[in-house]
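Let's take a friendly walk through this structure, one feature after another. Have the viewer open as you read.

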Amino acid sequence: MGVFEQTKGKVKQAAGDLTDNETLKAEGAAQAGKGAEERKATETQAKAQAHEKKAEMHESKQEAMEA
């Protein structure tokens, strides 16, 4: 989701530059920033899930060894 939002913001910024519309540029910058933060959050969540899966795998191995 964040990448799409970030791209829309950059397009708005470019449109603002072309039309010399400060409001559109500011809106685009805010939207691009929001998108960047959403993208980072999504990446962080994906990394956390990967670490959780690895921990579960190690726990399963440990339990198998103890049995």
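## A salt bridge around the loop

Aspartate 17 and lysine 25 bring their side chains together in a salt bridge, with an N to O distance of 3.6 Å. Keep in mind that this is a predicted model. Aspartate 17 has a relative accessible area of 51%, so it counts as exposed, the cut-off for that class being over 50%.

Aspartate 20 sits in the loop between α1 (2-19) and α2 (22-66). Its backbone deserves a look: aspartate 20 is not a glycine, yet its phi is positive, at about 55°. For most residues other than glycine, phi is negative. With 59% relative accessibility, aspartate 20 is exposed.

## Salt bridges between and along the helices

How many salt bridges does a search of the whole structure find? The count is eight. One of them pairs lysine 12 with glutamate 27, whose closest N and O atoms are 2.6 Å apart. Since lysine 12 belongs to helix α1 and glutamate 27 to helix α2, this pair ties together parts that are 15 residues apart in sequence. Both partners are open to the surroundings in part: lysine 12 is partly exposed at a relative accessible area of 25%, and glutamate 27 is partly exposed at 40%.

Glutamate 37 and lysine 40 also meet through their side chains in a salt bridge, 3.4 Å from N to O. These two residues are three places apart in helix α2, so about one helical turn separates them. Glutamate 37 is partly exposed at 48% relative accessibility, and lysine 40 is partly exposed at 41%. Elsewhere, Glu5, Lys8, Lys34 and Glu38 form one network through salt bridges that share partners.

## Two glutamines facing each other

Which residues does glutamine 6 touch, once those up to four places away in sequence are set aside? Its contacts are Gln31, Ala32, Gly35, Ala36 and Arg39. Glutamine 6 itself lies in helix α1 and has a relative accessible area of 15%, so it is buried, under the 20% cut-off.

Glutamine 31 is part of helix α2. Is glutamine 31 buried or exposed? At 10% relative accessibility, it counts as buried. Leaving out neighbours within four places in sequence, glutamine 31 is in contact with Glu5, Gln6, Lys8, Gly9 and Lys12. Gln6 and Gln31 thus appear in each other's contact lists, and lysine 12, the salt-bridge partner of glutamate 27, touches glutamine 31 as well.

## Glutamate 38 and its surroundings

Glutamate 38 is found in helix α2 and is partly exposed, at 28% relative accessibility. Beyond residues up to four places away in sequence, it touches Met1, Gly2 and Glu5. Glu5 and Glu38 also belong to the salt-bridge network mentioned above.

For a sense of distance along the chain, compare glutamate 38 with serine 60: they are 22 residues apart in sequence, and their C-alpha atoms are 33 Å apart in space.

## A negative patch

On the surface, Glu52, Glu56, Glu59, Glu63 and Glu66 gather in a patch of negative charge. Among them, glutamate 56 is located in helix α2. Its relative accessible area is 44%, so glutamate 56 is partly exposed.

Notes. Residues are numbered from 1 along each chain as its sequence is written. This is a predicted model: local features need pLDDT of at least 70, side-chain atom pairs count only at pLDDT 80 or more; totals for chains, interfaces and linings use all residues. Side-chain values use heavy atoms; hydrogens and water are left out. Helices (H or I, at least four residues) and strands (E, at least two) are DSSP runs, numbered from the N terminus. Buried means under 20% relative accessible area, exposed over 50%, partly exposed in between (1.4 Å probe, protein chains only). Patches are made of residues with over 30% relative accessible area and no salt bridge: like charges are joined within 9 Å, nonpolar side chains (Val, Leu, Ile, Met, Phe, Trp, Tyr) within 5 Å. Accessible areas come from the Shrake-Rupley method with a 1.4 Å probe; for residues, only the protein chains shown count as cover. A salt bridge is a side-chain nitrogen of Lys or Arg within 4 Å of a carboxyl oxygen of Asp or Glu. Lys and Arg count as positive and Asp and Glu as negative; His and the chain ends are not counted. The place of a charge is taken as NZ of Lys, CZ of Arg, CG of Asp or CD of Glu. Contact means heavy atoms within 4.5 Å.
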